[in-house]
Amino acid sequence: MKFHLSTPTGNVVTGLGPGWIRVGADEYRENVVLTAEAVATGWAAAGFDGLTEGDFAQLLAQKPEVVLFGAGTTIRFPQPRLTRPLIDAGVGFEVMDTAAACRTFNILAAEGRSVVAALLLE
């Protein structure tokens, strides 16, 4: 097997710290939804405790294979009723801390997978 260095196209998380995330050269200081093509701000503005079914249902517009939920600095699982729209649509759903979600996003996006990262920065 031969490996080749490839330069990713599309969005790549290049930095993360308390209350911020950098995608490419752009820095964001609010929760984001990240795809290979776009960054959407304002997602889940009320934070983890304010998550709604609608927050997760809107992720379906991207037609993802998998949604990575970055729950902040620690792993927290949303109520199952909130993620029901994803489950009903047959979309994979993974919960991890935001740093792990960013790393996983970079890998899956580089592979050309249809991935959405819903990232809480709190």
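Val 33 stands opposite Ala 118 in S8. That pairing is a good place to enter this predicted model. Val 33 belongs to strand S4, residues 32-34, and its partner strand S8 covers residues 115-119. S4 and S8 pair in the antiparallel sense, over three bridges. Leu 34 also finds its bridge partner in S8, namely Ala 117.

Now look at the other pairing of S8. S6 and S8 run parallel and share five bridges. Here Leu 68 has Ala 117 as its bridge partner in S8. Ala 117 is thus named in two pairings: with Leu 34 and with Leu 68.

Step back to the whole sheet. It is open and has five strands, in the order S5-S4-S8-S6-S7. The pairing is mixed. S5 and strand S7 (92-96) are the edge strands, and each pairs on one side only. From one strand to the next, the twist averages 15°.

How many residues of S8 are buried? Five of its five residues are, and the strand is mostly covered. Val 115, Ala 117 and Leu 119 point one way from S8. Val 116 and Ala 118 point the other way. Both sets are buried.

Next comes helix H3, residues 98-110. H3 lies across S4, strand S6 (66-70), S7 and S8. Its direction runs at about 155° to S6.

A second sheet also involves this helix. Three strands form an open sheet in the order S1-S2-S3, with antiparallel pairing. S1 and strand S3 (26-28) stand at the edges with a single partner strand each, so one side of each has no neighbour in the sheet. Neighbouring strands of this sheet are turned by 20° against each other on average, direction ignored. Strand S2 (residues 20-23) is joined to S3 by three bridges. Within that pairing, Val 23 stands opposite Asp 26 in S3. H3 packs on this sheet too, touching S1 and S2, and its direction makes about 180° with that of S1.

Val 23 leads on to Asn 11, since the two are in contact. Where does Asn 11 sit? Its place is in the segment before strand S1 (13-17). Is Asn 11 buried or exposed? Its relative accessible area is 17%. The cut-off for buried is under 20%, so Asn 11 counts as buried. A polar atom of its side chain lies 2.9 Å from the backbone oxygen of Thr 35. The backbone oxygen of Ala 38 lies 3.2 Å from a polar atom of the Asn 11 side chain. Beyond its neighbours within four places in sequence, the contacts of Asn 11 include Leu 34, Val 39 and Phe 105.

Finally, turn to the aromatic residues. Rings pair if their centres lie within 6.5 Å. By this rule the count comes to six aromatic pairs. One of them joins Trp 43 and Phe 56: the ring centres are 5.8 Å apart and the planes stand at 85°, so this pair is edge-to-face. Trp 43 lies in the loop between strand S5 (39-41) and helix H1 (53-57), while Phe 56 lies in H1, so the pair ties together parts that are 13 residues apart in sequence. Trp 43 and Phe 56 are both buried.

These two residues join Phe 48, Phe 69 and Phe 93 in one aromatic cluster. Phe 48 has a charged neighbour as well. The charged end of Arg 76 sits over the ring of Phe 48, 4.4 Å from the ring centre.

Key:
Residues numbered from 1 in each chain as written. Predicted model: local features only at pLDDT ≥ 70, side-chain atom pairs only at ≥ 80, totals over all residues. Heavy atoms only, no water. Phe/Tyr/Trp six-rings, centres within 6.5 Å; stacked < 30°, edge-to-face > 60°. Helix = DSSP H or I, 4+ residues; strand = E, 2+ residues; numbered from the N terminus. Buried < 20%, exposed > 50% of the residue type's maximum accessible area, 1.4 Å probe, protein only. Lys NZ or Arg CZ within 6 Å of the ring centre and 35° of its normal. Pairing = 2+ DSSP bridges. Axes fitted to C-alpha atoms, helices over the stretch in contact; angles between N-to-C directions. Contact = heavy atoms within 4.5 Å. Polar contact = N/O pair within 3.5 Å; in protein donor to acceptor, adjacent residues only side chain to side chain.
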